[in-house]
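Q: I am new to this structure and would be grateful for a close look at one part of it. Please treat the matter in one connected account.

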Amino acid sequence: MPTNKKIAAQRVLHLVGEHVFDVAITVEIPLPDEVDYKCRYSIAWPDKVFNGYAMGVDSLQALLLALQKIQADILSAGPAKDGSLFWLEAGDGCGLRKVPE
């Protein structure tokens with residue numbers, strides 16, 4: 001099935017448990033949505049796909065807010081907290097900086 005998605009960025013994280021699973025993050029390019037812009041993203045966990053989006057006044061704001069939401073979604077997940085989810089090596093914070101509290 002063809003898709004109209006235009007990908008802005010992707011990253012694959014690794015979830016280590018009994019087996020190693022990939023967790024794919026996909027960020028689409030922001031598109032106009034009425035008067036604002038919407039930037040959709042997905043996080044493909046081994047057992048489900050989480051779809052989210054962020055809205056911005058322009059495309060750059062929508063993209064930046066989507067990246068912040070991804071950081072919050074990933075870093076608040078149990079596997080990121082216990083260290084079983086990583087990007088290049090264990091303990092690397094998934095290559096994402098923590099969102100200030």
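Does Glu34 count as buried or exposed, and what is found in the strands on the way to and around this residue?

A: The model under discussion is a predicted one. Within it, Glu34 counts as exposed, at 80% relative accessibility. This residue is placed in the loop between β3 (31-33) and β4. The phi angle of Glu34 is near 60°, a positive value in a residue other than glycine. As a general matter, most residues other than glycine have a negative phi.

The account may now turn to the strands. Strand β1 (residues 7-16) and strand β2 (residues 20-28) run antiparallel and are joined by nine bridges. The connection from β1 to β2 is a hairpin through three residues. Val16 stands opposite Val20, which belongs to β2. Strand β2 is also joined to strand β4 (residues 36-44), by four bridges, and these two strands likewise run antiparallel. In this pairing, Val27 has Tyr41 in β4 as its bridge partner.

Thr26 offers a view from within β2, the strand in which it is placed. Its relative accessible area is 15%, so Thr26 is buried, the limit being under 20%. The side chain of Thr26 makes a polar contact with the side chain of Gln10, at 3.5 Å. When neighbours within four places in sequence are left aside, Thr26 is in contact with Ile7, Ala9, Gln10, Arg40, Tyr41 and Ser42.

Tyr41 leads on to the aromatic residues. The count of aromatic pairs comes to one. That pair is formed by Tyr41 and Phe50: the ring centres are 6.3 Å apart and the planes stand at 50°, so the pair is tilted. Tyr41 is buried, with a relative accessible area of 3%, whereas Phe50 is partly exposed, with a value of 36%.

Rings also take part in arrangements with charged residues. Lys38 lies over the face of Tyr53, at 4.5 Å from the ring centre. The charged end of Arg11, for its part, sits over the ring of Trp87, 3.6 Å from the centre of that ring.

Arg11 deserves further description. This residue is found in strand β1 and counts as partly exposed, at 24% relative accessibility. Apart from neighbours within four places in sequence, Arg11 is in contact with Val23, Ala24, Ile25, Trp87, Cys94, Gly95 and Leu96. The side chain of Arg11 reaches the backbone oxygen of Cys94 at 3.3 Å. Arg11 and Gly95 are 84 residues apart along the chain, yet their C-alpha atoms are separated by 9.5 Å.

Cys94 brings the account to the cysteines. The count of disulfides comes to zero. Cys39 is in no disulfide, and the nearest cysteine sulfur, that of Cys94, is 19 Å away. Cys94 is likewise in no disulfide, the sulfur of Cys39 being the nearest cysteine sulfur to it, at 19 Å. A disulfide would require the two sulfur atoms to lie within 2.5 Å. Cys39 counts as buried, at 0% relative accessibility, and Cys94 also counts as buried, at 1%.

To return to the starting point, Glu34 in its loop counts as exposed, whereas Thr26 and Tyr41 are buried.

Note on methods:
Residues numbered from 1 in each chain as written. Predicted model: local features only at pLDDT ≥ 70, side-chain atom pairs only at ≥ 80, totals over all residues. Heavy atoms only, no water. Phe/Tyr/Trp six-rings, centres within 6.5 Å; stacked < 30°, edge-to-face > 60°. Buried < 20%, exposed > 50% of the residue type's maximum accessible area, 1.4 Å probe, protein only. Lys NZ or Arg CZ within 6 Å of the ring centre and 35° of its normal. Pairing = 2+ DSSP bridges. Polar contact = N/O pair within 3.5 Å; in protein donor to acceptor, adjacent residues only side chain to side chain. Contact = heavy atoms within 4.5 Å.
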